[in-house]
Amino acid sequence: MTFSETICRAAEEGAVLLKNEECLLPFTSQDNVAVFGRCQKDWYRSGTGSGGSVHVSYTTTLIDSLLELSLSDGSMPHIDVMLAKTYSNWIQENPYDNGGGAWGAEPWCQKEMPLSKELLEETGANNSKAVYVIGRTAGEDKDNMAEKGSWYLNDDEKAALKAICGTFEDVCVVLNVSNIIDMSWINSPEFKGHIKAVLIAWQGGQEGGRAAARVLCGLANPSGKLSDTIAMSIDDYPSTNHFGSKGDIFYKEDIYVGYRYFSTFAPERILFPFGFGLSYTSFNTSIKKSEFKNGKITVQVEVKNSGNFAGKEVLQAYISAPQRKLGKPARVLADFKKSSELKAGESQTLELSFSLSDFASYDDSGLTGYQFAWVLEEGLYRVFVGSDSLSATEVFFDGKSGINLSKTEVVEQCRQALAPESDFMRLHPIACADGTFVAKEEKVPKMKVDLAERIKAGLPEEYPFTGDWGIRFSDVLSDNSKLDAFIAQLDDKELAAMVRGEGMMSQKVTVGIAAAYGGITQSLRNFGIPAAGCSDGPSGIRLDTGKEANLMPIGTLLACTWNPNIIEDLYTFEGKELVQYEIDSLLGPGANIHRSPLNGRNFEYYSEDPLLSGMIAKAALRGLNIGGASGTIKHFAANNQETWRRTSNSIVSERALREIYLKPFEIAVKSGEVKSLMTSYNAINGHWTASNYDLVTTILRREWKYQGLVMTDWWATMNDCVKGGSESIKNTASMIRSGNDVYMVVDNDGAEKNMYEDNTLEALKNGSLTRAELHAAAKNILNFIMISPVAKRPLRPLKIFKSFQSVLKEQPSDALLVDEGKDFLPEGESFYLNAQHDAMYNISGTYSKEGDDLSQSVTNILIDGSPAASLECRSTAGIETTVNAAQVKLEKGFYKITLEHTKPGITVKKLNISSQVITPVSLGVISV
Ligand code: BGC
């Protein structure tokens, strides 16, 4: 299978069929289908922000794919071509609104085409069935809101749906969404019971439109299961009241996230349970074996396709731990398996198995007598198996309910880490006699550890500076026992530069990606250290030069496949594509928990459940590794909202952190597939994650034994790793001390001169950072480079300069001609540079950019139509800033200079292209 075909298969498998009355779907050759809704054509392929910004070579839309199927094959349904044309014409007159194209500006939904009476009458007369497509997007820096057009249907959508249901008795709604949305309308009487089918097609990358069409036409049978609970109302989610504010966000719901909350406290508020999804066929299951042996529960289940359609089923095992001193959720996902495609009548036996100890609770309070330990409390552990979290039925062991532990067992003793410093109350269930639970509150235990002492006791061994002993990085590559001696040769300034990544659009790596790191200064390069490169992620390679790559489905869709095998296959292709582009790591997968359906970046993440998130992340990372590159799992951790993402402080109990928010990362790290990890923007319990010692060192590196690389998110802030307090981008000393290796990112060529004036060297001088800690960070960076594709590539020059030859035959008119060294602005018109010498030229630009600190934009400077330099930056808060954008080699002659705003937001004030004499040390030239 090709990459594209695998993307299509995954998008089909992740589609979730919520409703299919009277077997409305799939459509058959007897059906004449009218497709409504502009997103049939303006089909979303991904969410917004860095996560889905892939320049694709093609994309598919629902309507084009349906028409293609309908016209090419007589066994397919007939699609109303005239209606499709009407939409297409209307869209031409009412083009897609991208909010101006700037960062975070894209609206959640698009204006809808009004449906006239005549149009409805005509389509009603010509067709027996209707599809209505509803689209939504959200993303980085743009949360969803509990508003019409975002979480809720807007008035136009409701009116359209009402009109369609007034004309057609058989209506199917297709949701082309990046996230779950309000579904309370699904059974509303205003639609007369005519909405008989609902399919969540999500956003399936470049193949999403085709995949949805194939599902509607029965060429694929949906086998997706919800990775989140759809509740009756947004107010039912316990996070809703504690979401979106600027400073402290209290995670009062504690471990009761998603179905853990609903199954315990409010099963009656579930509209569609976690794990739910229909198929065109039906399945019978029967338990063949259940046993508890050596601490492991194993259940063998035979699943039989009892319908008429080939399809796959997902079986899920849930555990229900006893309510003792510690509260427990009524259901916790413990294992899942997806069947192969079973033909009608075919069956397969699936084995669900898990160790009880993997579902121990973390006692952060000491109530069990074992404080800061993972414990299995005495009592009955019941097991439920089924095809969703609500209807799963109990499995018996030798005819008895559950597994009975006669005494409390300690699974693992830990040390208190990351606990909150503020007082707050968290949710706690009290069991009632009738088996239900009442929501009460309990006090959250507070941090008792002296972090200064902990850090001091864990300081690494000193490796004094030795000076240059002639060991080069190539020597370390052939004998890695020389790594410490190699690092010992680097002076403090060199080490301080190594922990700074540069970007975006660095010319030291494949241009257009997010960062270069490692050997990015001349002196580090003199030691033979190459520069590694990473790009966004997670759905495909983001190249801001406009180069094309493949776009995979969004994370939520991938999780809804419940199929780690297909995820591994997809990401193996992705790994190979990275290698082809000479990129070492993809900035993904995203393993944050869907704490609230309003989080704009949920589409990059997988689920409200940590096991499902962890298993899918692990499969993605494994695929990337098999493909020859790696992934950078992000955003570690508790990064659950985009609003105020850089100032919010997630206040969470240690128990909820360990059981919910850190768990997906733990699963991935312990699988051995993680080589690189990104911390997040937010703080956890007062400590920004980029400088959070307990997060990165106590838990990640010491407890989980992680040996890979850690980087910050882009332009992240750090605060004092002991005292907390206010945060800044300069506190790299705390970043390093906490065990985080690379600051992402300083401007290009800014590492050597310490352009953000970070405090690494100052801290070394005043003793608040040791050289050994810096040495440890450098070691992690170099270890990562040693196992990355860059180590296998020939060491390329530090920078590759582009070389241009004048192609203009005649001298342009004086009015448009600019002499080298003079300021000009080629905005709107083309300008011509008069290069008077064969020489190296420096291109500099002066620009300003409004918007929030983290918003990203790119403007390319083209010479004779080919990108020569880029102004790519975060916001300058409107202040004019001048940067050296690139150096190029020009032959004497005339060159056409234009600007290309691939993403608006930058106001360019002037450009300057001046010849200069530079010593070509490590200079590489490529001709254009
Ligand atoms: C995002 C990261 C992304 C990075 C580089 C940040 O704004 O939070 O997820 O990888 O930018 O684009």
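**Exercise 1. Work out whether Asp 398 is buried or exposed, and look at its backbone.**

Step 1: Asp 398 has a relative accessible area of 74%, so it is exposed (buried is under 20% relative accessible area, exposed over 50%, partly exposed in between, with a 1.4 Å probe and protein chains only).

Step 2: Its phi is positive, about 50°, although Asp 398 is not a glycine. Most residues other than glycine have a negative phi.

Step 3: Place Asp 398 in the fold: it is in the loop between strand S18 (393-397) and strand S19 (400-401). Strands here are DSSP runs (E, at least two residues), helices are H or I runs of at least four, and both are numbered from the N terminus.

A quick note before going on: this is a predicted model, where local features need pLDDT of at least 70 and side-chain atom pairs pLDDT 80 or more, while totals for chains, interfaces and linings use all residues. Residues are numbered from 1 along each chain as its sequence is written, and side-chain values use heavy atoms, leaving out hydrogens and water.

**Exercise 2. Do the same for Phe 372: buried or exposed?**

Step 1: With a relative accessible area of 13%, Phe 372 is buried.

Step 2: Phe 372 is another non-glycine with a positive phi, about 60°.

Step 3: Phe 372 belongs to the loop between strand S15 (361-363) and strand S16 (373-376).

**Exercise 3. Locate the cis peptide bonds at Met 504 and Pro 589.**

Step 1: Recall that most peptide bonds are trans.

Step 2: Gly 503 and Met 504 are joined by a cis bond, omega about 5°. Met 504 falls in the loop between strand S24 (500-502) and strand S25 (515-518).

Step 3: Going from Gly 588 to Pro 589, the bond is cis too, with omega near 5°. You'll find Pro 589 in the loop between strand S27 (585-587) and helix H15 (610-626).

**Exercise 4. Describe what surrounds the ligand.**

Step 1: Count the shell: 15 residues surround the ligand, and Glu 140, Asp 536, Arg 601, His 635 and Asp 713 are the closest (a heavy atom within 4 Å puts a residue in the shell).

Step 2: Check polar pairs (N or O atoms within 3.5 Å). Ligand oxygen atoms are 2.9 Å from a side-chain N or O atom of Lys 634, 3.5 Å from one of Arg 645, and 3.1 Å from a polar side-chain atom of Gln 856.

Step 3: Finish with burial: the ligand alone exposes 310 Å², and the protein buries 100% of that (Shrake-Rupley method, 1.4 Å probe).

Conventions
A polar contact is a pair of N or O atoms within 3.5 Å; within protein, one must be able to donate a hydrogen and the other to accept it, and residues adjacent in sequence count only if both atoms are side-chain atoms.
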